[in-house]
Amino acid sequence: MIKKVSNSTTKLIDQFGRTVDYIRLSITDRCDFRCVYCMAEEMTFLPRDEVLSLEECARLVKIFVGLGVSKVRITGGEPLVRKNALWLFEEIGELEGLNELVLTTNGSQLEKQAQDLKNAGVKRINISVDSLHADRFKKITRTGELDKVLRGIQAAKLAGFENIKLNTVLLRGVNNDEARSLVKFAIEQAIDISFIEEMPLGEVGHARESTFCSNEETLNILKSEYTLTASTETTGGPARYWRVANSATKIGFISPHSHNFCERCNRVRITCKGELYLCLGQEDKIDLMPLLRDHPNNDEPVIEAILASMAIKPKGHDFDLRRTEAAVIRFMSHTGG
Ligand code: SAM
Ligand code: SF4
C-alpha cells in the first residue's frame, strides 16, 4: 500500500515548508544494460575511489534516517551489479525509523538475489521492463536478455515482496505500441506497472522530442481497453495512480514534465559520488563525499551540511523537451532514477 509516512522526528524541512522524508541513493553509475534513453553506447564510468564506498553509503543512510527520513530507495546505475551490494541492504534493512527500504533494478540479477534482498528487509521492488519482445528488449537495452529479466520477476514474486512494480518508458516508434500488452502482463502477474515519461537527462544520441510519448496519450489508449478508476494514493512524487477493475493491478503515470507535484516534493537524491541533489531537474547540490572522508568519526559536519541544504531546495524543476541541449546534462544513471 502506498502511504505517506509521517514521522514526528522529521528535521528536514525546506525553505518552502516541504518535509523531506525520502532519499533516493544511487550506489553505482555502472550498469550491465545501456538503455537508449538512459545511456550512450560508449560510457566512461567513474573510477572506484570517486564513488562512495558501501560503508559510506550505509553511514549516509543512517545519518538521513536519524534526521527523520523514513523511506530509502536504492538505485543506480544498476544497484545489483555492485559487488557486495547485499551487505548494504543487510546493514540498513533493520534500521529503526526506516519504514520503507525499496529498490529500483533492471531485474537482471534478481533470479539470484531476490530472496536475499527480501530477507535483508527490502519491502518493495521496481523492475524496469520496456518490451515483452526479446528482440526489441535487446534493441532498447542494447545488452539485456528479456528471459533473464522475466525469470527475475518470477523470483521476486516467489520471494514475497510487499509490492512489485514494473517501470516502463514508452518511446514513440520504438515500443509505444506495447502499453496494452505490458498492462495485460502486469494484470496476469498480479503486479503493478508505471509508465514514466522520457526525461531529457544526459546526451543519448536521439532527439527526445521525436520519441516523446505523453502519459496522457497512454492513459487514453488504456482507457479504451480497461475500466480505470483514479486513485487518491500518492507517494509525494510525480506519479498518479489508477486502479484496474477486477484486478490487483494499479497503473501509475509518472509525468515529470508536469509541475503539479513539485509543491508536495518530499525527496532528495544522492549520487554515487555523494552529491546531494535537491531536485532531479535542477543543478542545486552539495558535495557530501569530502565531508564524509574528512570526518570519518564525526557525523556533525555532514548533518550540518544536510540541514543547511534545505535552504537551497528549488521550488520546482525546469524540464523542456524543445531545448536543443539536455536541460540537465547529467545522466539518470548518475543521479539515480
Ligand atoms: N538500473 C535500474 C533500472 O533500470 O531500473 C535503476 C536505475 S534507472 C536510472 C531507474 C529508472 O529510470 C528506470 O526505470 C529507467 O527506465 C528510468 N530512466 C532512465 N533514464 C530515463 C530518462 N531519460 N527518462 C525517463 N526515465 C528514465
Ligand atoms: Fe541501466 Fe537502468 Fe539506465 Fe537501463 S535505465 S541503462 S538498466 S541504469
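**Exercise 1.** Which backbone atom of Met199 lies 2.7 Å from a nitrogen atom of ligand 1, by element?

Solution. The partner on Met199 is a backbone N or O atom, 2.7 Å from the ligand nitrogen. The model is predicted, with local features needing pLDDT of at least 70 and side-chain atom pairs counting only at pLDDT 80 or more, while totals for chains, interfaces and linings use all residues. Residues are numbered from 1 along each chain as its sequence is written, chains are lettered from A and ligands numbered from 1 in the order in which they are written, and side-chain values use heavy atoms, without hydrogens and water.

**Exercise 2.** List other N or O atoms close to ligand 1, and its surroundings.

Solution. A polar backbone atom of Thr105 is 3.2 Å from a ligand oxygen atom. For Asn167, a side-chain N or O atom is 3.5 Å from an oxygen atom of ligand 1. In total, 19 residues surround ligand 1 (a heavy atom within 4 Å). Tyr37, Gly77, Glu78, Ser128 and Met199 are the closest.

**Exercise 3.** Describe the packing of helix 6 on helix 8.

Solution. Helix 6 spans residues 179-189 and helix 8 residues 215-223; their axes (lines fitted to C-alpha atoms over the stretch in contact) are 10 Å apart, at about 65°. The crossing is right-handed. Contact (heavy atoms within 4.5 Å) involves Ala179, Arg180 and Val183 of helix 6 and Thr218, Ile221 and Leu222 of helix 8. Of these residues, four are nonpolar, one is polar and one is charged.

**Exercise 4.** State the confidence of the chain.

Solution. Mean pLDDT (the predictor's confidence in each residue, from 0 to 100) is 90. A value of 70 or more is reached by 88% of residues. Over residues 321-327 pLDDT is below 50.

How values were computed. Axes fitted to C-alpha atoms, helices over the stretch in contact; angles between N-to-C directions. Helix = DSSP H or I, 4+ residues; strand = E, 2+ residues; numbered from the N terminus. Left-handed = near helix turned anticlockwise from the far one by under 90°. Nonpolar A, V, L, I, M, F, W, Y, C, P; charged D, E, K, R; others polar. Polar contact = N/O pair within 3.5 Å; in protein donor to acceptor, adjacent residues only side chain to side chain.
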